[in-house]
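Look at the model below and turn it slowly. The paragraphs that follow lead from the overall layout to a few single residues.

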Amino acid sequence: MCRWGCLDNNMIFKCKFCGTNYCKACGRGDFHGVMTDSAVCRVCFQPKCQGERIGGAPEKSTKKAATNKKTVKTDSSKK
């Protein structure tokens, strides 16, 4: 589920010009109203504004990933 209520959770993008977040599925975002064209930013009116995707399913457990990291110890007393 996106921030604005639609059922898609991986369609949130950021405008590459002004940084406004919006959902490409429902057309809502960090602005009033709904986007009429998904290729034009509702805030800065720049065409082809789709930047990086910021929405997505949350990662599962990071506890396992944290245990797999190896710490590198450096001894600064030996030179």
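Strands, in the sense used here, are runs of at least two residues that DSSP labels E, and they are numbered from the N terminus. With that in mind, Asn-21 can be placed: it belongs to strand S2, which covers residues 21-23. The model is a predicted one, and Asn-21 will serve as the way into it.

Before looking closer, consider the whole chain. It holds 3 strands and 1 helix, and read from the N terminus the order is β-β-β-α. Of its 79 residues, 22% count as buried. The accessible surface amounts to about 6,400 Å², and carbon and sulfur atoms make up 51% of that. Among contacts with a separation of 6 or more, 40% join residues that are 24 or more positions apart.

How confident is the predictor in the protein chain, by average pLDDT? The average is 79, and 68% of the residues score at least 70. Confidence is highest in S2, with a mean of 92, and lowest in helix H1 (residues 63-68), with a mean of 52. Over residues 57-62 pLDDT stays under 50, and for this stretch the model has 1 contact beyond four places in sequence.

Now return to Asn-21. Is this residue buried or exposed? Asn-21 has a relative accessible area of 12%, and because the limit for buried is under 20%, it counts as buried. Leaving out residues up to four places away in sequence, Asn-21 touches Arg-3, Trp-4, Phe-13, Lys-14, Gly-29, Asp-30, Phe-31 and Ile-54. Take Ile-54 from that list: it is 33 residues from Asn-21 in sequence, yet the two C-alpha atoms are 8.3 Å apart in space.

Thr-20 lies in the loop between strand S1 (12-15) and S2. Thr-20 is buried as well, with a relative accessible area of 10%. Again leaving out residues up to four places away in sequence, its contacts are Phe-13, Lys-14, Cys-15, Asp-30, Phe-31 and Val-43. Phe-13 appears in the list for Thr-20 and also in the list for Asn-21. The ring of Phe-13 has a further neighbour: Lys-24 lies over its face, 5.6 Å from the ring centre. The count of aromatic pairs in the model is 1.

The cysteines come last. A disulfide is a covalent bond between the sulfur atoms of two cysteines. How many disulfides does a search of the whole structure find? It finds 0. For Cys-26, the nearest cysteine sulfur is that of Cys-23, at 3.7 Å. Since a disulfide needs the two sulfur atoms within 2.5 Å, Cys-26 is in no disulfide. Cys-49 is in none either; its nearest cysteine sulfur, that of Cys-15, is 4.5 Å away. Are these two cysteines buried or exposed? Cys-26 has a relative accessibility of 19%, so it falls under the 20% limit and counts as buried. Cys-49, at 0%, counts as buried too.

Conventions:
Residues are numbered from 1 along each chain as its sequence is written. This is a predicted model: local features need pLDDT of at least 70, side-chain atom pairs count only at pLDDT 80 or more; totals for chains, interfaces and linings use all residues. Side-chain values use heavy atoms; hydrogens and water are left out. Helices (H or I, at least four residues) and strands (E, at least two) are DSSP runs, numbered from the N terminus. Buried means under 20% relative accessible area, exposed over 50%, partly exposed in between (1.4 Å probe, protein chains only). Contact means heavy atoms within 4.5 Å. Accessible areas come from the Shrake-Rupley method with a 1.4 Å probe; for residues, only the protein chains shown count as cover. Rings of Phe, Tyr and Trp (its six-membered ring) pair if their centres lie within 6.5 Å; planes under 30 degrees apart count as stacked, over 60 as edge-to-face and the rest as tilted. A charge sits over a ring if NZ of Lys or CZ of Arg is within 6 Å of the ring centre and within 35 degrees of the ring normal. pLDDT is the predictor's confidence in each residue, from 0 to 100.
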